[in-house]
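Please look through the structure shown here before reading on. The paragraphs below lead from one helix to its neighbours, then to the sheet, and at the end to the chain as a whole.

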Amino acid sequence: MLIITADDLGFSPSRNDAILAAARAGTVSSASLMVAMPAAESACQQVGEHVPSLGIGLHFTLTSGRSVASPESIPLLVDEQGRFRRGFVSLYRQASRPEFLEQIALEFEAQLDRMDMLKERYSLEVDHLDSHQHIHAIGPIGEILEKAARSRRLPVRLPREPYGSWRRRFPFRTPLPIGDMKKAILDYCTKKVPRLFK
């Protein structure tokens with residue numbers, strides 16, 4: 001069975017509209033929801049009303065939007081207004097620090113709890129876990145998702161990037177092999193992932 005998933009549901013009203021149009025047309029069969037983004041609840045309401053069979057997954061984020069947990073409880077991840085302030089590389093560099101991982105786990109549980117609330121409120125079918133910008137490819141963060149996935153019997157979607165994807169789309173605009181660099185980083189981060197997600 002082929003599953004086609006649209007990421008970033010809840011990111012903005014326009015992104016919601018595009019994903020829902022594709023779902024109604026039968027182009028996508030699943031969507032990954034960013035519960036930390038402002039258009040998340042309206043997305044769930046529209047899914048419940050118009051495409052209730054659409055599979056929904058938690059698109060865990062630590063790089064976009066505002067935290068679900070209180071900013072005071074996760075100061076290593078957010079600014080005083082609760083905005084996430086780190087990118088993939090910064091998360092990777094800090095991921096071995098126990099206090100950093102404790103705060104990531106707090107935010108992950110908060111996002112899971114919000115997902116559960118939205119699931120109940122709008123009768124959604126939650127069928128997978130993944131992350132925004134592939135942050136669960138970072139081993140210790142992936143282990144946090146994997147533990148929750150096992151307890152909930154949910155699959156975790158893993159990132160696999162083709163070589164040269166950027167150069168094929170923009171062959172004359174950039175001399176940098178961005179797609180190759182991204183793939184190399186993800187391959188390095190995920191080389192132990194098959195052992196984590198059996």
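The buried residues of helix α4 (residues 98-122) are F100, Q103, I104, E107, F108, A110, Q111, L112, M115, L118 and Y122, where buried means under 20% relative accessible area, exposed means over 50%, and partly exposed lies in between, with a 1.4 Å probe and protein chains only. Helices here are DSSP runs of H or I with at least four residues, strands are runs of E with at least two, and both are numbered from the N terminus. This is a predicted model, in which local features need pLDDT of at least 70 and side-chain atom pairs count only at pLDDT 80 or more, while totals for chains, interfaces and linings use all residues. Residues are numbered from 1 along each chain as its sequence is written, and side-chain values use heavy atoms, with hydrogens and water left out.

The buried residues of α4 pack against β2, α2 (40-50), β3, α3 (88-94), β4 and α5, a contact being heavy atoms within 4.5 Å. Helix α4 has 25 residues and reaches 36 Å from its first C-alpha to its last, close to the 36 Å expected at 1.5 Å a residue; the expected span is 1.5 Å times one less than the number of residues. An α-helix has 3.6 residues a turn, so residues three or four places apart point the same way.

Just after α4 comes S123, which takes a positive phi of about 55°, in a residue other than glycine. Most residues other than glycine have a negative phi. S123 is found in the loop between α4 and β4, and S123 counts as exposed because its relative accessibility is 58%.

Two helices that pack on α4 can be followed next. Helices α2 and α4 pack at an angle of about 35°, with their axes 9 Å apart, where axes are lines fitted to C-alpha atoms, for helices over the stretch in contact, and angles run from 0 to 180 degrees between N-to-C directions. E41, C44, Q45 and G48 of α2 make this contact with L118, R121 and Y122 of α4. The crossing of α2 and α4 is right-handed, which is to say that the near helix is turned clockwise from the far one by less than a right angle, an anticlockwise turn being left-handed.

The axes of α4 and α5 come within 10 Å and cross at roughly 35°, and this crossing too is right-handed. On the α4 side L101, I104, A105, F108, L112 and D116 take part, and they meet P140, I141, I144, L145, A148 and R152 in α5. In α5 the residues I141, G142, I144, L145, E146, A148 and A149 are buried. The 14 residues of α5 (residues 139-152) should span 20 Å at 1.5 Å a residue, and the end C-alpha atoms are 20 Å apart, which agrees. Just after α5, R153 takes a positive phi of about 55°; R153 lies in the loop between α5 and α6 (165-169) and is exposed, with a relative accessible area of 78%.

How are the strands ordered in the open sheet? The four strands follow the order β1-β2-β3-β4 with parallel pairing, two strands being paired if DSSP finds at least two bridges between them. Strands β1 (5-9) and β4 stand at the edges, each with a single partner strand, so one side of each is left without a neighbour in the sheet. The twist averages 30° from one strand to the next. Strand β1 pairs with β2 (residues 30-33) in the parallel sense over three bridges, and L9 stands opposite L33 in β2. Helix α4 packs on the sheet, touching β2, β3 and β4, and its direction makes about 155° with that of β3. Helix α5 also packs on the sheet, touching β3 and β4, with a direction at about 165° to that of β4. Six bridges join β3 (residues 55-60) to β4, and these strands run parallel, with G57 opposite H128 in β4. Strand β4 (residues 125-131) is mostly covered, five of its seven residues being buried.

Taken as a whole, the protein chain has eight helices and four strands, which run β-α-β-α-β-α-α-β-α-α-α-α from the N terminus on. Of its 198 residues, 47% count as buried.
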